[in-house]
Amino acid sequence: MPLFTALPPLSLYIHFPWCVEKCPYCDFNSHAVKNPIAYNEYIDCLLLELDYELPNIWGRSIQSIFMGGGTPSLFPAEEIERLIQALRARLNFKPDIEITLEANPGTVEQSSFSGFRHAGINRLSMGIQSFDDSMLKNLGRIHNSDQAITAIETAHAANFNSFNIDLMFGLPEQTTEQMLTDLQTAIDFQPPHLSHYQLTIEPNTLFAVQTPTLPDDDALWNMTQQAHARLAEHQYQQYEVSAFSKSGKANQCKHNLNYWQFGDYLGIGAGAHQKITAANTQSITRTAKQKHPQHYMQQVKNQTHITEQHVLQDNDIYFEFMLNALRLTTGFDAQTFNDNTGMDISSIQAILDKAQKNNWLQQDDLHIQLTPSGQQYLNDVVTLFLPD
Ligand SMILES: C[S@@+](CC[C@H](N)C(=O)[O-])C[C@H]1O[C@@H](n2cnc3c(N)ncnc32)[C@H](O)[C@@H]1O
Ligand code: SF4
């Protein structure tokens, strides 16, 4: 049984489930807008839901907030401002809190970005994906390369010092040269953070049914190597499989780091998930909320919006920690394991030893990190920690 002497850091995730159109590769909980969005009602529902959750996090401070989607930038800045003010009234914000909002370049206006900044958003994450019009068209995106560039310039003009660019690679018919051109265009804007995702074909998407021609495994391997080299040349340090930050730790995404280090997070909104540690019961509970936006808004009013809830077993706790933390290329400290699982690292030392014998992992001064071979065989390493 875990024993928590202190509670893990706490973040807040807020889901916005609507998009202008549904992209053919996307399996996130996002729905094409059919009727005008009930902005006001949705924000009221988020706050109602938060009020139910407050007793579960009483006295704790929030270190980061992530407004994700879907497309949160579809919401008017005034509604986002009302939301942030109401959050401030209910929660203790840490003084250096990171507040991110995901923005789709097809939904950007100069005034809305300044409005988001004024509302208290201090980090923007922009879904650029590519600067190549034919790639964007193949991906079914609603924006073109001019709009992608305008979005980044608008973020600069609105004083977003901290921002992220999402790019995808391994796109239909894409060559390594085209991938590098996209990457260099992004680098030239000097984003403090860049996420470089390999396009994956997810079940239940249009691409799973009508799969386009994608680069083969050798081409993908080559793209990955060349992208890492180009990013390193420009002082972007990789700290997770797809995440790169300029000039080290200061620009890493606090919110995502908290997930990868098995911190706690509240999740509110349609389809949001949360993981909360409770000191009184010495347990960790995972909870999922109703996915469908209209059902969510109805159910939250009579408190029937929770669709799944379970307490983690001891074996799940260390497995889930490793599943997340092994994604961090810079590794993790044994102390973080102890603090965030409530268990002592010695309880999994036998498995760590086995991974070290395979040359997949190195452990020194209580810091644990994958070797290059471990990074290559990440799935096999994770399997070692699977509960019996
Ligand atoms: C939840 S989306 C939200 C961002 C915003 N809605 C947008 O698309 O502009 C976050 C990011 O996940 C990435 N993503 C989504 N589906 C993906 C897939 N099938 N394969 C790889 N990356 C994906 C995209 O880079 C996207 O920007
Ligand atoms: S805009 Fe983003 S969240 Fe919406 S469907 Fe496209 S990839 Fe998914």
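In this predicted model, an oxygen atom of ligand 1 sits 2.7 Å from an N or O atom in the side chain of glutamine 129. A second residue can be described in similar terms: an N or O atom in the side chain of arginine 141 is 2.7 Å from an oxygen atom of ligand 1. With tyrosine 25 the partner belongs to the backbone, where a polar atom lies 3.1 Å from a nitrogen atom of ligand 1. Taken alone, ligand 1 exposes 560 Å², and the protein buries 91% of that area.

The surroundings of ligand 1 can be described next. There are 17 residues around the ligand, and those that come nearest are Gly70, Gln129, Arg141, Asp166 and Thr200. Three strands each supply at least two residues of this shell: E6 (123-129), E7 (163-169) and E8 (193-198). Sorted by class, the shell around ligand 1 holds five nonpolar, eight polar and four charged residues.

Ligand 2 has its own shell. Its surroundings include three cysteines, Cys19, Cys23 and Cys26, along with Glu21, Lys22, Tyr25 and Ser30. Gly70, Thr71, Asn104 and Arg141 also belong to the residues that surround ligand 2. By class, this shell divides into four nonpolar, four polar and three charged residues.

Glycine 70 deserves another look, since this residue is among those nearest to ligand 1 and also appears around ligand 2. Glycine 70 lies in the loop between strand E4 (61-69) and helix H2 (77-90). The peptide bond that leads from glycine 69 to glycine 70 is cis, with omega near 15°. A second backbone feature is found at asparagine 159, which has a positive phi of about 70° although it is not a glycine. Asparagine 159 is placed in the loop between helix H5 (145-157) and strand E7. As background, most residues other than glycine have a negative phi, and most peptide bonds are trans.

What space does the second largest pocket contain? About 370 Å³ lies there. The pocket is lined by 19 residues, and Gln63, Lys249, Gln252, Lys254 and Leu257 lie nearest its centre. Strand E5 (92-103), helix H9 (254-260) and helix H12 (334-341) are the elements that give two or more residues to this lining. The lining consists of four nonpolar, nine polar and six charged residues.

Finally, consider the whole protein. There are 15 helices and 17 strands. The radius of gyration is 21 Å, close to the 21 Å that the globule rule gives for 388 residues, so the protein is as compact as a globular protein of that length. Along its principal axes, the C-alpha trace spans about 55 × 55 × 40 Å.

Notes. Residues are numbered from 1 along each chain as its sequence is written. Chains are lettered from A and ligands numbered from 1 in the order in which they are written. This is a predicted model: local features need pLDDT of at least 70, side-chain atom pairs count only at pLDDT 80 or more; totals for chains, interfaces and linings use all residues. Side-chain values use heavy atoms; hydrogens and water are left out. On a 1 Å grid over the protein atoms alone, a cavity is a set of points where a 1.4 Å probe fits but cannot get out, and a pocket is an open set with protein on both sides within 12 Å along at least five of seven lines; lining residues have an atom within 4 Å of a point. Grid points are joined across faces, edges and corners, and a volume is the space filled by probe spheres set on the points. Helices (H or I, at least four residues) and strands (E, at least two) are DSSP runs, numbered from the N terminus. Ala, Val, Leu, Ile, Met, Phe, Trp, Tyr, Cys and Pro count as nonpolar, Asp, Glu, Lys and Arg as charged, and the others, Gly among them, as polar. A residue is near a molecule or strand if one of its heavy atoms lies within 4 Å of it. A polar contact is a pair of N or O atoms within 3.5 Å; within protein, one must be able to donate a hydrogen and the other to accept it, and residues adjacent in sequence count only if both atoms are side-chain atoms. Accessible areas come from the Shrake-Rupley method with a 1.4 Å probe; for residues, only the protein chains shown count as cover. The radius of gyration is taken over C-alpha atoms; the globule rule is 2.2 Å times the number of residues to the power 0.38.
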